[in-house]
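This report covers pockets, metal sites and part of a sheet. The sequence and structure come before the details.

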Amino acid sequence: MEVFLSTLFADADAEYADAGYVIFGAPYDGTSSYRAGSRDAPGAIRAVSYNFETYLPAPGIDLADVAVCDLGDLEVLSLPDLVVDQVRETAAMIVQDGKVPVLIGGEHTVTPGVVAAVKPACYVVCDAHLDLRDEFGGTKWNHACATRRVMDLGVEDIFVVGARSGTAEEFELVGESDRLHMYTADDIADHGIAAVIREIKEIIGDRSLYLSIDADAVDCCLTPGLGTPEPFGITTRDLRSVVRAFAARASGFDYVEVCPVDAGQTAAVAAKLIREFIAWHAAGIEGL
Ligand code: MN
Ligand code: MN
């Protein structure tokens, strides 16, 4: 029987028992409000991951030397609350076994499942959207509610990087809550991503954190393969700076909301940044 390694993320060929990092996909787009299709993201991201060299020069890490396992994709159910349960159970196993979970979405709905398993003190999310609605489309588990559900988990501080879209009520909630810290895409254009990262690091101090990347944080004119594209966003380089800055201290990571209907550039950025996350975490070096 042949082994089809190309179905796995590139260089993620370690056995589960040996791995320090465990990738799994949650190809769920059941609550997508504009353009569905993020169910195809894990496959597209894995495919393009073979484009890259195993060696990453900036952290000085060869991913061929890092024990990474790819479990493949969850066979996701239809109802979003049940999918979150599936993700939480898988992530809890990974965390209990002392490994770092790396989730590929799917839409942002799936993220609170991993956060519930990791139980970080702080949550850093790059997203065009505040995702602070309490309910949308008849469910509290819509992707437009992802950050609100993370709030419910009792995370102490939440940092939204690249925000530029939400209801008046969501922006009011940011203003009222001491736990919510918003850095808009305009803030980052005005002050630079380095200043924003420095401020977030000061607030976090030595507490634990989780890093979630919603692909639409990036300007949709740069990476148009998105379920809910928003222009005037951050750059792919800004996003890489965030991953490099926080990877070493993050207890878990996800990359969600890629909808691979473009020429492949959005999945390419995702695959590269998943590789950057693992390499900078493995190196134990904080960028910036
Ligand atoms: Mn989101
Ligand atoms: Mn978003």
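## The largest pocket

In this predicted model, 18 residues line the largest pocket. Ser 33, His 129, Asp 131, Arg 133 and Ala 144 are the lining residues that lie nearest its centre. The volume of the largest pocket is about 220 Å³. Its lining is made up of three nonpolar, eight polar and seven charged residues.

Two of the residues nearest the centre of the largest pocket, His 129 and Asp 131, also appear among the metal donors: His 129 binds the manganese ion (ligand 2) through ND1, and Asp 131 is a donor to the manganese ion (ligand 1).

## The second largest pocket

The second largest pocket holds about 160 Å³ of space. Its lining consists of Phe 52, Thr 236, Arg 237, Arg 240, Ala 268, Val 269, Lys 272, Leu 273 and Glu 276. Two elements, α8 and α9 (265–283), each give two or more residues to this lining. The greatest contribution comes from α9, with five residues. Sorted by class, the lining of the second largest pocket contains four nonpolar residues, one polar residue and four charged residues.

## Manganese ion (ligand 1)

Four protein residues supply donors to the manganese ion (ligand 1): His 108 through ND1, and Asp 127, Asp 131 and Asp 214 through OD atoms, at 2.1 to 2.2 Å. Along the chain these donors are spaced H-x18-D-x3-D-x82-D. Asp 131, in the loop between β6 and α4, and Asp 214, in strand β9, are 83 residues apart, and this pair links distant parts of the chain. Asp 131 and Asp 214 are both buried.

## Manganese ion (ligand 2)

The manganese ion (ligand 2) is coordinated at 2.2 to 2.4 Å by OD of Asp 127, ND1 of His 129, OD of Asp 214 and two OD entries from Asp 216. The sequence spacing of its donor residues is D-x1-H-x84-D-x1-D. Distant parts of the chain are linked here by His 129, in the loop between β6 (122–126) and α4 (146–152), and Asp 216, in the loop between β9 (209–214) and α8 (236–246), 87 residues apart.

Are these two residues buried or exposed? His 129 counts as buried because its relative accessible area is 14%, under the 20% cut-off. Asp 216 is buried as well, at 1% relative accessibility.

What separates the manganese ion (ligand 2) from the manganese ion (ligand 1), and which residue coordinates both? The ions are 3.3 Å apart, and Asp 127 is coordinated to both.

## Strand β7 and its neighbours

Strand β7 (residues 157–163) is largely enclosed by the rest of the structure, because seven of its seven residues are buried. On one side of the pairing list is β6, which runs parallel to β7 and is joined to it by five bridges. In this pair Cys 126 stands opposite Val 161 of β7. The chain passes from β6 through α4 to β7 in a right-handed β-α-β crossover.

Strand β8 (residues 180–184) also runs parallel to β7, and five bridges join the two. Here Val 161 stands opposite Tyr 183 in β8. The connection from β7 to β8 goes through helix α5 (residues 168–176), and this β-α-β crossover is right-handed. Val 161 thus has Cys 126 opposite it in one pairing and Tyr 183 in another.

Note on methods. Residues are numbered from 1 along each chain as its sequence is written. Chains are lettered from A and ligands numbered from 1 in the order in which they are written. This is a predicted model: local features need pLDDT of at least 70, side-chain atom pairs count only at pLDDT 80 or more; totals for chains, interfaces and linings use all residues. Side-chain values use heavy atoms; hydrogens and water are left out. Donors are N, O and S atoms within 2.8 Å of the metal (3.2 Å for Na, K and Ca); water is not among the atoms, so sites may look incomplete. Helices (H or I, at least four residues) and strands (E, at least two) are DSSP runs, numbered from the N terminus. Buried means under 20% relative accessible area, exposed over 50%, partly exposed in between (1.4 Å probe, protein chains only). On a 1 Å grid over the protein atoms alone, a cavity is a set of points where a 1.4 Å probe fits but cannot get out, and a pocket is an open set with protein on both sides within 12 Å along at least five of seven lines; lining residues have an atom within 4 Å of a point. Grid points are joined across faces, edges and corners, and a volume is the space filled by probe spheres set on the points. Ala, Val, Leu, Ile, Met, Phe, Trp, Tyr, Cys and Pro count as nonpolar, Asp, Glu, Lys and Arg as charged, and the others, Gly among them, as polar. Two strands pair if DSSP finds at least two bridges between them. A crossover is right-handed if, with the strands pointing away from the viewer, the path from the first strand over the helix to the second runs clockwise.
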